[in-house]
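This report walks through one protein chain, from its sheets to its hollow spaces. Please keep the sequence and the picture side by side while reading.

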Amino acid sequence: MSQRIRQLLAIVIGATLILSFNAVNAAPAAQEDIVAVASSIHECIKELASEFESAKIGRAPKIVAGASGKLASQIMAGAPFGLYLSASPEWTEKLRKEGFLFDVFPMALSFLVAWWAKDEPISTEAFKEKDVRLSIADTKAAPFGKAAAHYLQSQGIYDELLEEKRLVITGNVEQAALAVKSGGADIGMFSLSIAKKLNKGRYTVLPVEPLQNSGGLVKERYSENLKAFWEYIRSERANETWIKWGFEPVQGK
């Protein structure tokens, strides 16, 4: 083997060893901060995340929205969420008891409304009209879907709506609103925050117990930045934004 070939081989082997060493010792990529948010809280949390960063407290996290129950299932399956915000305590308590969450606290109360696109007052008597279709969120995974179903049952019309195929059940509250906007239903039942996001039509607050939004940090997934964000959205500084979106803040520790 010639001297030149030996030199080339030495260079190649040396370069390979350096690349291998660098690959082994490279610093791991920074963990992305992701918050799993119930659809009913989505817009409010987006705004709070922007305020959190603007105030130079920390970095605005990425937000993933969906039905509370479906997001909880994803956390149990290993989804990379570091903070979980639910529309009700039911799912946060389940995750806490099963060892996924800690630092669990309430955030705000949220109200169930009936909304339609018409620019005139909405009456609950309209629910009973034979040609009216209602949209609600998933009754198993979405707390507002469950609350809407309980209300319709209390009025004695839930089974009738199902039998007559006048009840449109969607994945989450944002989709329940979309069903009305697109003409797939006449009246939607979802959170007051969604009605405020629509910024048109009319709504009425239904006479049911408000849902208590709650959340907690996800073990082994949270970061110091998410911990600071979790504290921020439960602080008095966040109250104005919660109220703007139709919530009643609950000051947690």
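Which strands does helix α3 (residues 68-76) lie across, and at what angle does it run to β3? Helix α3 lies across β1, β2, β3 and β10, and it runs at about 155° to β3. Here contact means heavy atoms within 4.5 Å, while axes are lines fitted to C-alpha atoms, for helices over the stretch in contact, with angles from 0 to 180 degrees between N-to-C directions.

The model is a predicted one, in which local features need pLDDT of at least 70 and side-chain atom pairs count only at pLDDT 80 or more, whereas totals for chains, interfaces and linings use all residues. Residues are numbered from 1 along each chain as its sequence is written, and side-chain values use heavy atoms, with hydrogens and water left out.

## The chain as a whole

The chain has 10 helices and 11 strands, where helices (H or I, at least four residues) and strands (E, at least two) are DSSP runs numbered from the N terminus. Of its 253 residues, 46% count as buried; buried means under 20% relative accessible area, exposed means over 50%, and partly exposed lies in between, with a 1.4 Å probe and protein chains only. Among contacts in the chain with a separation of 6 or more, 75% come from residues 24 or more positions apart.

## The six-stranded sheet

Strands of a sheet pair through backbone hydrogen bonds, either parallel or antiparallel. Two strands are said to pair if DSSP finds at least two bridges between them. One open sheet of six strands has the order β2-β1-β3-β10-β4-β11, and its pairing is mixed. Strands β2 (62-66) and β11 (248-249) stand at the edges with a single partner strand each, so one side of each is left without a neighbour in the sheet.

Strand β10 (residues 211-218) has seven of its eight residues buried, and it is therefore largely enclosed by the rest of the structure. Strand β3 (residues 83-86) is joined to β10 by four bridges and the two run antiparallel; within this pairing, L85 has G215 as its bridge partner. Strand β4 (residues 101-110) also runs antiparallel to β10, with seven bridges between them, and L101 stands opposite V218 of β10. Towards the β2 edge, strand β1 (residues 34-38) pairs with β2 in the parallel sense over five bridges, and A36 has V64 of β2 as its bridge partner. Helix α2 (residues 42-54) lies across β1, β2 and β3, and it runs at about 175° to β2.

## The five-stranded sheet

A further open sheet, of five strands, has the order β7-β6-β8-β5-β9 and again mixed pairing. Its edge strands are β7 (167-170) and β9 (202-205), each of which pairs on one side only. Neighbouring strands of this sheet are turned by 25° against each other on average, direction ignored. Strand β6 (residues 134-137) runs parallel to β7 and is joined to it by four bridges, with A137 and T170 as bridge partners. Helix α5 (residues 143-154) lies across β5 (112-116), β6, β7 and β8 (187-191), running at about 135° to β6.

## Two residues with positive phi

Two residues other than glycine can be set side by side.

| Residue | Phi | Place | Relative accessibility |
|---|---|---|---|
| K56 | near 60° | loop between α2 and β2 | 74%, exposed |
| D103 | about 55° | strand β4 | 26%, partly exposed |

## Pocket and cavity

On a 1 Å grid over the protein atoms alone, a cavity is a set of points where a 1.4 Å probe fits but cannot get out, and a pocket is an open set with protein on both sides within 12 Å along at least five of seven lines; lining residues have an atom within 4 Å of a point. Grid points are joined across faces, edges and corners, and a volume is the space filled by probe spheres set on the points.

The largest pocket has a volume of about 170 Å³, and its lining includes W116, K118, E129, D131 and I187. By class this lining has seven nonpolar, no polar and four charged residues, where Ala, Val, Leu, Ile, Met, Phe, Trp, Tyr, Cys and Pro count as nonpolar, Asp, Glu, Lys and Arg as charged, and the others, Gly among them, as polar.

The structure holds one cavity of 30 Å³ or more, and the largest cavity contains about 50 Å³ of space. Among the residues lining the largest cavity are A38, S39, G66, S68, P143 and F144, and its lining divides into seven nonpolar, five polar and no charged residues.
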